[in-house]
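Biologist: Please walk me through this structure. I will ask short questions, and I would like the reasoning before each result.

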Amino acid sequence: MATKGIWAVGRRKTSVARAKIANGTGKITVNGKDITDYLHHGAHLVRDALEPLTFLEQKDKFDILLNVSGGGITGQVGAIRHAVARALVAFSEAFKPPLKKEGFLTRDSRMVERKKYGLHKARRGTQFSKR
């Protein structure tokens with residue numbers, strides 16, 4: 001069905017992940033590295049990034065090539081998760097109802113609130129001094 005592969009884009013915070021999914025043996029590459037080497041900060045990050053695959057029990061059936069940029073490690077993991085879910089839906093519409101029900105297809109729109117002038121951070125003001 002999809003020999004050349006299907007591309008999908010996922011986003012989280014300021015991170016963007018592009019995922020190319022194709023039939024294969026379960027090899028997952030992020031920016032030219034194996035996913036466990038790229039997300040070396042902990043096994044929970046790899047688990048979170050590949051949650052749509054494990055939820056559908058399709059972990060060893062697809063090869064995924066990911067290009068990730070922007071943001072930090074948490075944002076990139078969220079972007080990977082979103083991109084993988086969208087790529088699975090593009091691959092087969094049968095995956096859409098369970099992924100949508102679990103919330104994998106919804107983009108997490110939470111962003112960092114901007115710093116305001118006169119404050120130390122977004123909401124943190126100066127310390128009160130009585131004298």
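**Strands, a pocket and two loops**

Biologist: What kind of model is this?

Modeller: Keep one point in mind throughout. The model is predicted.

Biologist: Which side chains of strand β5 (residues 62-69) point to one face and are buried?

Modeller: In a regular strand, side chains alternate between the two faces of the sheet. Strand β5 shows such an alternation. Asp63, Leu65, Asn67 and Ser69 point to one face and are not buried. Pointing to the other face, and buried, are Phe62, Ile64, Leu66 and Val68.

Biologist: In which sense do strand β2 (residues 15-23) and β5 pair, and over how many bridges?

Modeller: Take one bridge as an example: Ala19 has Leu66 of β5 as its partner. The sense of the β2 and β5 pairing is antiparallel, and the count of bridges is eight.

Biologist: Which residue in β5 is the bridge partner of Ile28?

Modeller: Strand β3 (residues 28-30) runs parallel to β5, and three bridges join them. In β5, Ile28 is bridged to Ile64.

Biologist: Is Ser15 buried or exposed?

Modeller: Ser15 lies in strand β2. Its contacts beyond four places in sequence include Gly10, Gly71, Gln76 and Ala79. The relative accessible area of Ser15 is 1%. The cut-off for buried is under 20%, so Ser15 is buried.

Biologist: Which residue has its backbone oxygen 2.8 Å from a polar atom of the Ser15 side chain?

Modeller: Ser15 touches both Ser69 and Gly70. The backbone oxygen at 2.8 Å from the side-chain polar atom belongs to Gly70.

Biologist: Which element gives the largest share of the lining of the largest pocket?

Modeller: That pocket has a volume of about 250 Å³. Its lining has 15 residues, with Arg12, Val77, Gly78, Arg81 and Asp108 nearest the centre. Two or more lining residues come from each of β1 (6-12), α2 (43-49) and α4 (73-91). The largest share is five residues, and they come from α4.

Biologist: How many residues of that lining are charged?

Modeller: Split the lining of the largest pocket by class. Three residues are nonpolar and five are polar. The charged ones number seven.

Biologist: What is the phi of Lys13?

Modeller: Most residues other than glycine have a negative phi. Lys13 sits in the loop between β1 and β2 and is partly exposed at 35% relative accessible area. Lys13 is not a glycine, yet its phi is positive, at about 55°.

Biologist: And where is Asn31 found?

Modeller: Asn31 also has a positive phi, near 50°. Its relative accessible area is 34%, so Asn31 is partly exposed. Asn31 is found in the loop between β3 and β4 (33-34).

Methods: Residues are numbered from 1 along each chain as its sequence is written. This is a predicted model: local features need pLDDT of at least 70, side-chain atom pairs count only at pLDDT 80 or more; totals for chains, interfaces and linings use all residues. Side-chain values use heavy atoms; hydrogens and water are left out. Buried means under 20% relative accessible area, exposed over 50%, partly exposed in between (1.4 Å probe, protein chains only). Helices (H or I, at least four residues) and strands (E, at least two) are DSSP runs, numbered from the N terminus. Two strands pair if DSSP finds at least two bridges between them. On a 1 Å grid over the protein atoms alone, a cavity is a set of points where a 1.4 Å probe fits but cannot get out, and a pocket is an open set with protein on both sides within 12 Å along at least five of seven lines; lining residues have an atom within 4 Å of a point. Grid points are joined across faces, edges and corners, and a volume is the space filled by probe spheres set on the points. Ala, Val, Leu, Ile, Met, Phe, Trp, Tyr, Cys and Pro count as nonpolar, Asp, Glu, Lys and Arg as charged, and the others, Gly among them, as polar. A polar contact is a pair of N or O atoms within 3.5 Å; within protein, one must be able to donate a hydrogen and the other to accept it, and residues adjacent in sequence count only if both atoms are side-chain atoms. Contact means heavy atoms within 4.5 Å.
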